[in-house]
Amino acid sequence: MAESTEATKSSSAAAAGTDAAVHIVYTERPQDEQPEAYHIRTLSNVLGSEEAAKEALIYSYKTAASGFSAKLTPQQVAEISKQPGVLQVVPSRTLQLHSGPGKLH
């Protein structure tokens with residue numbers, strides 16, 4: 001049985017490396033738990049281990065919003081979207097700001 005668990009973990013890790021992208025996962029604010037511990041526990045439910053969750057976690061949002069960013073495959077996004085306390089999962093985007101009067105035409 002340990003072999004099948006290891007095979008699942010390694011296939012999840014392999015999948016995470018191929019088509020994974022950074023997503024922001026908005027969650028309910030945890031009541032009786034530190035935010036980062038809650039985020040790792042939520043990720044662990046999908047990724048299969050606390051170690052995999054810690055590796056995938058990029059940042060825990062704790063002040064203005066409750067949530068975290070993590071590198072997830074499309075399948076993992078679908079799975080984590082169903083987890084209790086998860087409100088929304090969105091792809092992370094980088095926006096370029098225009099600066100200076102010469103750029104505003």
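**Entry 1: two helices**

I began with helices H2 and H4, which turn out to be oblique to each other. I looked up the angle behind that word, and the two helices pack at about 120°. Angles of 65 to 115 degrees would count as roughly perpendicular and those over 145 as roughly antiparallel, so this pair is oblique. I also noted that their axes are 9 Å apart. For my own memory: two packed helices are described by the angle between their axes and the distance between the axes. H2 covers residues 35-47 and H4 covers residues 74-81. I should say here that I am reading a predicted model.

Next I checked the handedness, and H2 passes H4 in a right-handed crossing. Which residues make the contact? On the H2 side I found Thr42, Leu43, Val46 and Leu47, and on the H4 side Gln76, Glu79 and Ile80. Sorted by class, this contact has four nonpolar, two polar and one charged residues.

**Entry 2: the whole chain**

I then stepped back to look at the protein chain, which has four helices and four strands. Going along the sequence, I wrote down the pattern α-β-α-α-β-β-α-β. The protein chain has 105 residues, and 32% of them count as buried. I looked at contacts between residues at least 6 apart in sequence, and 68% of these join residues at least 24 apart.

**Entry 3: the sheet**

In what order do the strands sit? I traced an open sheet of four strands, S2-S3-S1-S4, with antiparallel pairing. S2 and S4 (86-91) are at the edges with a single partner strand each, so each has one side without a neighbour in the sheet. On average, neighbouring strands here are turned by 20° against each other, direction ignored.

I went through the pairs that involve S3. S1 and S3 pair antiparallel over six bridges, and Ile24 has Ser69 as its bridge partner in S3. S2 (residues 57-61) also runs antiparallel to S3, and four bridges join these two strands. There, Tyr61 has Gly67 as its bridge partner in S3. I followed the chain from S2 to S3 as well, and a hairpin of five residues joins them.

My helix H4 came back at this point: H4 lies across S1, S3 and S4, and runs at about 150° to S3.

**Entry 4: strand S3 and Ser69**

How many of the six residues of S3 are buried? I found five, so this strand (residues 67-72) is largely enclosed by the rest of the structure.

I picked Ser69, which lies in S3, for a closer look. Its relative accessibility is 4%, and the cut-off for buried is under 20%, so Ser69 counts as buried. Then I listed its contacts, leaving aside neighbours within four places in sequence. Ser69 touches Val22, His23 and Ile24, and also Ala56, Leu57, Ile58, Tyr59 and Tyr61.

**Entry 5: Ala20**

Is Ala20 buried or exposed? I found 16% relative accessibility, so Ala20 counts as buried. Ala20 sits in the loop between helix H1 (2-19) and strand S1 (21-27).

Last, I compared Ala20 with Gln76. They are 56 residues apart in sequence and 8.8 Å apart in space, from C-alpha to C-alpha. Gln76 was already in my notes, as one of the H4 residues in contact with H2.

Notes. Residues numbered from 1 in each chain as written. Predicted model: local features only at pLDDT ≥ 70, side-chain atom pairs only at ≥ 80, totals over all residues. Heavy atoms only, no water. Buried < 20%, exposed > 50% of the residue type's maximum accessible area, 1.4 Å probe, protein only. Axes fitted to C-alpha atoms, helices over the stretch in contact; angles between N-to-C directions. Parallel < 35°, antiparallel > 145°, perpendicular 65-115°, else oblique. Left-handed = near helix turned anticlockwise from the far one by under 90°. Contact = heavy atoms within 4.5 Å. Nonpolar A, V, L, I, M, F, W, Y, C, P; charged D, E, K, R; others polar. Pairing = 2+ DSSP bridges.
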